[in-house]
Amino acid sequence: MLHLGERLAQLRKDAGYTQVEFASEVGITQRMVAYYEAPDAHPPAHLLPQMAQVLAVSVDVLLGVSQPRRPKKLATNRLERRFMEIEKLDSKAKTKA
């Protein structure tokens, strides 16, 4: 069973984020991400929902309580993530994006 830090690192990598990119999305520093990915460290509870949202998983998945329901197509870089976000928009919003 993975520790929270190891699970966070694996989910981040699976989502195609570097530590720097993930830190920017969550609003923390890269150093904090590296610390939270250590085996004995735990991110504060108020960051868990935001981390889970950025990684497109539930907090339960992040904590290891449950497994992801279905594999999603994960972006490998920031540009692909942006395209995936645009695909979710309705047709009028897509023309503005």
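This passage describes the overall fold of a predicted model, followed by its first helix, a buried arginine, an aromatic pair and two residues with positive phi.

In the predicted model, the secondary structure of the protein amounts to seven helices and zero strands, and the order of elements along the sequence reads α-α-α-α-α-α-α. The protein has 97 residues, of which 31% count as buried. Among the contacts with a sequence separation of 6 or more, 50% are made by residues 24 or more positions apart. The surface that the protein exposes comes to about 6800 Å², and carbon and sulfur atoms contribute 54% of that area.

Helix H1 spans residues 4-14, and its buried residues are Leu 4, Gly 5, Arg 7, Leu 8, Ala 9, Leu 11 and Arg 12. The cover over these buried residues includes helix H2 (19-26) and helix H3 (30-36), together with H4 and H5. Just after H1, Gly 16 adopts a positive phi of about 85°.

Within H1, Arg 7 is a charged residue that is buried yet takes part in no salt bridge. The nearest side chain of opposite charge is that of Glu 6, at 7.3 Å, whereas a salt bridge would require a side-chain nitrogen within 4 Å of a carboxyl oxygen. A polar atom of the Arg 7 side chain does, however, lie 3.1 Å from the backbone oxygen of Leu 63, and Leu 63 belongs to helix H5 (59-63), one of the elements that cover the buried residues of H1.

Two aromatic pairs are present in the structure. In the pair of Tyr 17 and Phe 22, the ring centres are 6.1 Å apart and the planes stand at 65°, so the arrangement is edge-to-face, the cut-off for that class being over 60 degrees. Both partners are buried, because the relative accessibility is 8% for Tyr 17 and 0% for Phe 22, and the limit for a buried residue is under 20%.

A positive phi also occurs at Ala 56, where the angle is about 60° although the residue is not a glycine. Ala 56 is located in the loop that joins helix H4 (48-55) to helix H5 (59-63), and, with a relative accessibility of 39%, Ala 56 counts as partly exposed. The two helices flanking this loop are also among the elements that cover the buried residues of H1.

Key:
Residues are numbered from 1 along each chain as its sequence is written. This is a predicted model: local features need pLDDT of at least 70, side-chain atom pairs count only at pLDDT 80 or more; totals for chains, interfaces and linings use all residues. Side-chain values use heavy atoms; hydrogens and water are left out. Rings of Phe, Tyr and Trp (its six-membered ring) pair if their centres lie within 6.5 Å; planes under 30 degrees apart count as stacked, over 60 as edge-to-face and the rest as tilted. Buried means under 20% relative accessible area, exposed over 50%, partly exposed in between (1.4 Å probe, protein chains only). Helices (H or I, at least four residues) and strands (E, at least two) are DSSP runs, numbered from the N terminus. Lys and Arg count as positive and Asp and Glu as negative; His and the chain ends are not counted. A polar contact is a pair of N or O atoms within 3.5 Å; within protein, one must be able to donate a hydrogen and the other to accept it, and residues adjacent in sequence count only if both atoms are side-chain atoms. Contact means heavy atoms within 4.5 Å. Accessible areas come from the Shrake-Rupley method with a 1.4 Å probe; for residues, only the protein chains shown count as cover.
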